[in-house]
Amino acid sequence: MLTVTLIRHGESTHNVQALWSGCTECPLTERGAQQARAVGAYFANTQFTKIYGSPLPRARDTAQAVLEAQPLPKPPHDFSIALIKERSFGAAEGHRTCIREPGKTLEAHFEEEKYPILYESEREIAFPGGESAADLTRRGERAVREVVLPHVVSVARTGKDEHVALVSHGLCIAEIVGAIVRLGGGTWKRKGPMVNTAWVRVEVRAQGGGPMEVANGEVPPVEVTVTNEGRADHLEGLLDGGPLDGMKAIQGGGVVDVRNPNEAEAIAQTSGGKSV
């Protein structure tokens with residue numbers, strides 16, 4: 001069986017300012033580093049076959065904390081996987097979220113350097129120079145083909161269990177999990193946002209057991225199960241206790257699917273300008 005544990009990065013400087021982060025290289029806050037050490041300690045007795053990480057500092061440093069807590073011999077690792085970076089928000093990065101002004105088009109907002117939360121139904125829309133939700137879905141599928149599938153093939157060929165960790169970002173994690181589930185012909189929809197360093201676990205089992213002959217790049221018949229979602233018990237005493245609203249939800253992999261500007265305003269303002 002292949003086990004994939006996907007971990008969101010610790011709190012970043014952009015998170016606490018409620019800014020669109022995307023591919024901006026913002027570092028962990030002091031609390032973010034504490035969260036990273038906590039999740040590393042939590043998995044200290046979990047033998048990972050390999051640890052992958054996004055190269056963005058907030059994810060890379062979280063992945064390093066996970067690696068440092070691993071027992072000897074340390075597992076191989078690669079913290080340069082661009083495919084698991086966060087969704088690019090283009091021109092919006094570094095700007096605060098805002099609500100839509102009634103009667104004004106998105107293009108008019110962009111001209112004024114205003115970047116409102118996009119709705120789930122607007123999957124093909126991107127901020128200038130950024131990725132759409134549909135773009136991120138396609139990138140998540142490519143990440144699974146290039147990073148996860150080789151492990152699926154290895155397990156099917158050898159019959160030996162493997163456990164890999166991917167340290168990434170809220171929105172990207174959601175797309176990767178969905179793409180892994182689709183390897184087994186299923187569908188998956190996230191239940192809600194992930195707090196910083198929360199984790200999701202997916203199990204991929206070859207049907208009929210193994211070993212079996214599988215060509216490189218071939219998807220063997222598998223059964224895929226999401227066994228844990230949004231787990232964060234390692235953060236007891238470290239969370240701020242506030243609700244996951246506004247940018248907390250967006251950056252943590254949540255979605256907004258409201259059309260009423262008043263509802264959107266409530267969502268955007270509930271976090272009080274603070275984000276996890």
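A residue is called buried when its relative accessible area is under 20%, exposed when that area is over 50%, and partly exposed in between, with a 1.4 Å probe and protein chains only as cover. The structure is a predicted model, in which local features need pLDDT of at least 70 and side-chain atom pairs count only at pLDDT 80 or more, while totals for chains, interfaces and linings use all residues. Residues are numbered from 1 along each chain as its sequence is written, and side-chain values use heavy atoms, with hydrogens and water left out.

**Exercise 1. The chain as a whole**

Task: State how many helices and strands the chain has, and what share of its residues is buried.

Solution.
Step 1. Helices (H or I, at least four residues) and strands (E, at least two) are DSSP runs, numbered from the N terminus. By this rule the chain holds 8 helices and 8 strands.
Step 2. Of the 276 residues, 52% are buried.
Step 3. A contact means heavy atoms within 4.5 Å. Among contacts with a separation of 6 or more, 76% join residues 24 or more positions apart.

**Exercise 2. The sheet**

Task: Give the order of the strands in the open sheet and identify its edge strands.

Solution.
Step 1. Two strands pair if DSSP finds at least two bridges between them. Strands of a sheet pair through backbone hydrogen bonds, either parallel or antiparallel.
Step 2. The open sheet has 6 strands in the order β3-β2-β6-β1-β7-β8, and its pairing is mixed.
Step 3. The edge strands are β3 (77-78) and β8 (222-231), each of which pairs on one side only.

**Exercise 3. Strand β2 and its neighbours**

Task: Describe how β2 pairs with β6 and with β3, and name the residues that stand opposite Y52.

Solution.
Step 1. Strand β2 (residues 50-53) runs parallel to strand β6 (residues 162-168), with 4 bridges between them. In β6, A165 is the bridge partner of I51, and L166 stands opposite Y52.
Step 2. Strands β2 and β3 are also parallel and are joined by 2 bridges. In β3, D78 stands opposite Y52.
Step 3. The unit formed by β2, helix α3 (residues 57-69) and β3 is a right-handed β-α-β unit. Right-handed means that, with the strands pointing away from the viewer, the path from the first strand over the helix to the second runs clockwise.

**Exercise 4. Two helices compared with their expected spans**

Task: For α3 and α6, set the reach of each helix beside its expected span, and list buried residues.

Solution.
Step 1. The expected span is 1.5 Å times one less than the number of residues.
Step 2. Helix α3 has 13 residues and reaches 18 Å from its first C-alpha to its last, close to the expected 18 Å. Its buried residues include P57, R58, A59 and T62. The elements covering the buried residues of α3 include β1, α2 (30-42), β2, β3 and β6.
Step 3. Helix α6 (residues 170-183) has 14 residues and reaches 21 Å from its first C-alpha to its last, close to the expected 20 Å. Helix α6 is mostly covered, with 12 of its 14 residues buried; among them are C172, E175, I176 and A179.
Step 4. After α6 comes G185, whose phi is positive, near 85°.

**Exercise 5. Helix α5 and two of its residues**

Task: Locate α5 relative to the sheet strands, then explain why G140 and R139 count as buried.

Solution.
Step 1. Helix α5 (residues 133-158) lies across β1 (2-8), β2, β6, β7 (199-206) and β8, at about 155° to β1. Axes are lines fitted to C-alpha atoms, for helices over the stretch in contact, and angles run from 0 to 180 degrees between N-to-C directions.
Step 2. G140 lies in α5 and counts as buried because its relative accessibility is 0%. Not counting residues up to four places away in sequence, G140 touches E175, I176 and A179. The C-alpha atoms of G140 and I84 are separated by 7.2 Å, although the two residues are 56 apart along the chain.
Step 3. R139 also lies in α5 and counts as buried because its relative accessibility is 13%. With residues up to four places away in sequence set aside, R139 touches several residues, including A82, R87, E131 and C172. R139 and E175 are 36 residues apart in sequence and 8.3 Å apart from C-alpha to C-alpha.
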